[in-house]
Amino acid sequence: MDIKQTVVIEGGFWGQLKLNTGETIRINSPEGSQVADFWALDANDTSKFLSTEHTRSTLEKLVPTVGDKLYSNFRQAMLTITADTSPGNHDLLMSACDPQRYELLGCTEYHRSCAENFCLAMNETGHVANELPSPFNIFQNVSVKNNIIAIESPNYNQGQYLEMRAESDLQIIVSACPMDIALTNGPDKKPKRIVLERFNT
Ligand SMILES: [Zn+2]
């Protein structure tokens, strides 16, 4: 494995990288129990992006697993999941956390959010975020029972990871979710680091 790039994202913050066709990205939470909100956009046309609703519809699954592809809003295959050493709890249902979410949870002061992190990342590359795609929430443990959706504490160990191979040239944005009120990032409610590695297999 020839690692070409490593991006370390502190808990609550964001990082991004370009992923060329055929390259693999590994998303790792070295300290355990940390959700990574993940966006993929066409590197040449950001109006084409990873769409959770189109992925659910195409796969006819709530949670993708190894071998599954993730699809764009035009149903193009953007990524293929090639490895997953976690228990496989990932989420295609929930929106990114945003300032309104924190207000609803009782925050009266500024709070970082995945929505803001996405916009900051887009601005860094000179793009305007005209819309906020719903992220692929890696390591997010969401249960669906009797028509009730609940975010539960992640149940995986330090160092477990997910790998995906790019099916086209992509801009990848990841937010190490800053949630410190709900159980999203574990019972300690402490945002932790996420590490991205880009390599050829
Ligand atoms: Zn978040």
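Which residues have the most contacts inside the largest nonpolar core? They are Ile-27, Phe-38 and Met-164, in a core of 28 residues. A nonpolar core here is a set of buried Ala, Val, Leu, Ile, Met, Phe, Trp, Tyr and Cys residues joined through side-chain atoms within 4.5 Å, where buried means under 20% relative accessible area, exposed means over 50%, and partly exposed lies in between, as found with a 1.4 Å probe on the protein chains only. The structure is a predicted model, in which local features need pLDDT of at least 70 and side-chain atom pairs count only at pLDDT 80 or more, while totals for chains, interfaces and linings use all residues. Residues are numbered from 1 along each chain as its sequence is written, and side-chain values use heavy atoms, with hydrogens and water left out.

The largest share of the 28-residue core, 4 residues, comes from strand 12, residues 170-176; strands (E, at least two residues) and helices (H or I, at least four) are DSSP runs numbered from the N terminus. Met-164 touches twelve partners beyond four places in sequence, or rather, to name some of them, its partners include Ile-25, Ile-27, Phe-38, Leu-79 and Phe-136, a contact being heavy atoms within 4.5 Å. Apart from the largest core lies another one, of 16 residues, among them Val-35, Cys-114, Ala-121 and Ile-173.Phe-38 itself lies in strand 4, residues 36-42, and counts as buried because its relative accessibility is 1%. Leaving out residues up to four places away in sequence, Phe-38 touches Ile-25, Ile-27, Leu-50, Leu-79 and Met-164, and its other partners include Ile-172, Ile-173 and Val-174. The C-alpha atoms of Phe-38 and Cys-114 are separated by 9.6 Å, although these residues stand 76 residues apart along the chain.

Cys-114 leads on to the metal site, since the protein donors of the zinc ion are the SG atoms of Cys-97, Cys-114 and Cys-177, which lie 2.2 to 2.3 Å from the ion. Donors are N, O and S atoms within 2.8 Å of the metal (3.2 Å for Na, K and Ca), and a site may look incomplete because water is not among the atoms. Along the sequence, the donor residues follow the spacing C-x16-C-x62-C. Distant parts of the chain are linked here, as Cys-97 sits in the loop between strand 7 (77-84) and helix 2 (99-104), while Cys-177, 80 residues apart from it, sits in the loop between strand 12 and strand 13 (194-200). Cys-97 counts as buried because its relative accessibility is 7%, and Cys-177 is buried too, with a relative accessible area of 4%.

Cys-97 appears again in the largest pocket, where Ser-95, Ala-96, Cys-97, Arg-101 and Ile-151 lie nearest the centre among the 13 lining residues. On a 1 Å grid over the protein atoms alone, a pocket is an open set of points with protein on both sides within 12 Å along at least five of seven lines, a cavity is a set where a 1.4 Å probe fits but cannot get out, and lining residues have an atom within 4 Å of a point. The volume of the largest pocket is about 170 Å³, a volume being the space filled by probe spheres set on the grid points, which are joined across faces, edges and corners. Its lining divides into 7 nonpolar, 4 polar and 2 charged residues, with Ala, Val, Leu, Ile, Met, Phe, Trp, Tyr, Cys and Pro taken as nonpolar, Asp, Glu, Lys and Arg as charged, and the others, Gly among them, as polar.

The count of cavities of 30 Å³ or more comes to 1, and the largest cavity holds about 30 Å³ of space. Its lining residues include Ser-86, Phe-139, Pro-154 and Tyr-156, and by class the lining has 4 nonpolar, 5 polar and no charged residues.

Two residues in strands deserve a look as well. Gln-171 is found in strand 12 and is buried because its relative accessible area is 10%; beyond its neighbours within four places in sequence, its contacts include Leu-17, Trp-39, Leu-41 and Thr-125. Glu-197, in strand 13, counts as buried at 15% relative accessibility, and its contacts outside its sequence neighbours within four places include Ile-3, Thr-24 and Arg-26.

Finally, the loops offer two residues to find. Asn-146, in the loop between strand 9 (141-145) and strand 10 (148-152), has a phi near 50°, a positive value in a residue other than glycine, and counts as exposed because its relative accessibility is 75%. Lys-189, in the loop between strand 12 and strand 13, also has a positive phi, near 50°, and at 35% relative accessibility counts as partly exposed.
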